[in-house]
Amino acid sequence: GPRVILTNNSGRTLTLTQNRTLFVRAKSGLYGIDASNGKVKWRRFVRGNDQTELISISDSANGSTGEPDCILTEASIGQITRLSATDGSVMWSIDFGCNTFAPMLERALLYVTDAKGRLTCINTDSGTVRWCQQLPQAAACGPSLGQLKSSMFNVGESSNLYTMSRKDGSCSSVFYLGHNPKTISIAPIVLLSKLLIFENAGPDYSQIRVFSIKQDESGVEPA
């Protein structure tokens with residue numbers, strides 16, 4: 001197949017107030033590129049085909065540079081890794097042992113749902129697991145975060161929507177959606193006080209289901 005070879009760069013150098021590395025996925029490679037001049041700083045082989053998610057993140061682990069690192073999610077092999085922006089080295093890595101879905105980031109916490117229905121909260125600074133909870137069934141997709149920063153919403157493989165606490169992963173409510181397996185594949189979308197769920201309800205059509213999020217984010221109800 002076609003190949004891309006990065007040989008040189010052109011254009012003027014940008015003046016940035018802080019160091020910045022751009023993270024670019026190209027085929028089986030992840031590149032760290034200096035944002036000021038376009039030079040390739042490092043390259044890393046990645047697996048997971050097209051099921052790869054990149055999140056730029058900054059915290060105290062960066063020391064005095066303040067340069068955002070990269071959270072690499074290789075969903076199809078169930079691995080999440082934090083890479084140093086400076087040289088692409090591994091700062092920490094977690095193997096879930098099964099497929100994962102796209103994680104959600106809130107400050108220094110990463111919320112991950114895997115295919116077995118485990119919900120895990122990870123401290124992005126250290127890579128330690130803050131808590132892990134098991135849904136009563138496998139999961140259909142990744143989590144969605146409520147606006148009050150207290151709850152999140154997780155769709156089970158079939159039938160149910162679970163509202164979970166971000167503090168400890170405990171379940172505050174279960175709403176019966178009645179969906180079949182493999183009909184929901186993307187995480188719900190939180191829009192103001194509404195929760196939108198996209199369902200492939202039939203072989204040739206889809207539908208958007210809209211629910212109202214309760215004021216305390218303890219669950220949802222029909223809109």
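1. Strand S17 (residues 194–202) and strand S18 (residues 205–213) pair in the antiparallel sense, over 7 bridges. Within this pairing, Ile-197 has Arg-209 of S18 as its bridge partner. Note that the model is a predicted one.

2. The S17–S18 pair belongs to an open sheet of 4 strands, in the order S16-S17-S18-S19, with antiparallel pairing. Strand S16 (189–191) and strand S19 (220–222) are the edge strands; each has a single partner strand, so one side of each lacks a neighbour in the sheet. From one strand to the next, the twist averages 40 degrees.

3. A salt bridge also involves S17 and S18: the side chains of Glu-199 and Arg-209 meet at 3.1 Å, N to O. Glu-199 lies in strand S17 and Arg-209 in strand S18, so the salt bridge ties together parts that are 10 residues apart in sequence. Glu-199 has a relative accessible area of 7% and is therefore buried, the cut-off being under 20%.

4. Glu-199 is also one of the residues touched by His-179. His-179 is found in the loop between strand S15 (171–176) and S16, and is buried, with a relative accessible area of 2%. Leaving aside residues up to four places away in sequence, His-179 touches Val-155, Gly-156, Glu-157, Ser-158, Ser-159, Asn-160, Ile-184 and Glu-199. A polar atom of the His-179 side chain lies 2.8 Å from the backbone oxygen of Gly-156. His-179 and Asn-160 are 19 residues apart in sequence, and their C-alpha atoms are 7.6 Å apart in space.

5. Two residues deserve a check of their backbone angles. Most residues other than glycine have a negative phi. Lys-182, in the loop between S15 and S16, has a positive phi of about 65 degrees although it is not a glycine. Glu-217, in the loop between S18 and S19, also has a positive phi, near 60 degrees. Their surroundings can be stated separately: Lys-182 counts as exposed at 79% relative accessibility, whereas Glu-217 counts as buried at 4%.

6. The count of salt bridges comes to 4. Side chains of opposite charge can pair when their charged atoms come close. One of the salt bridges joins the side chains of Asp-69 and Arg-82, at 2.9 Å from N to O. Asp-69 is in strand S5 (residues 69–74) and Arg-82 in strand S6 (residues 79–83), so that the pair links parts of the chain 13 residues apart. Asp-69 counts as buried at 2% relative accessibility, and Arg-82 counts as buried at 0%.

7. Another salt bridge is formed by Arg-166 with Glu-106, the closest N and O atoms being 2.9 Å apart. This pair links distant parts of the chain, 60 residues apart: Arg-166 is in the loop between strand S14 (160–165) and S15, and Glu-106 is in strand S8 (residues 104–106). Arg-166 counts as buried at 5% relative accessibility, and Glu-106 counts as buried at 15%.

8. As for the chain overall, its secondary structure comes to 0 helices and 19 strands. Of its 223 residues, 44% count as buried. The accessible surface comes to about 12000 Å², and carbon and sulfur atoms account for 50% of that surface. Among contacts with a separation of 6 or more, 35% are between residues 24 or more positions apart.

How values were computed: Residues numbered from 1 in each chain as written. Predicted model: local features only at pLDDT ≥ 70, side-chain atom pairs only at ≥ 80, totals over all residues. Heavy atoms only, no water. Pairing = 2+ DSSP bridges. Helix = DSSP H or I, 4+ residues; strand = E, 2+ residues; numbered from the N terminus. Axes fitted to C-alpha atoms, helices over the stretch in contact; angles between N-to-C directions. Buried < 20%, exposed > 50% of the residue type's maximum accessible area, 1.4 Å probe, protein only. Contact = heavy atoms within 4.5 Å. Polar contact = N/O pair within 3.5 Å; in protein donor to acceptor, adjacent residues only side chain to side chain. Areas by Shrake-Rupley, 256 points an atom, 1.4 Å probe, with all protein chains shown as cover.
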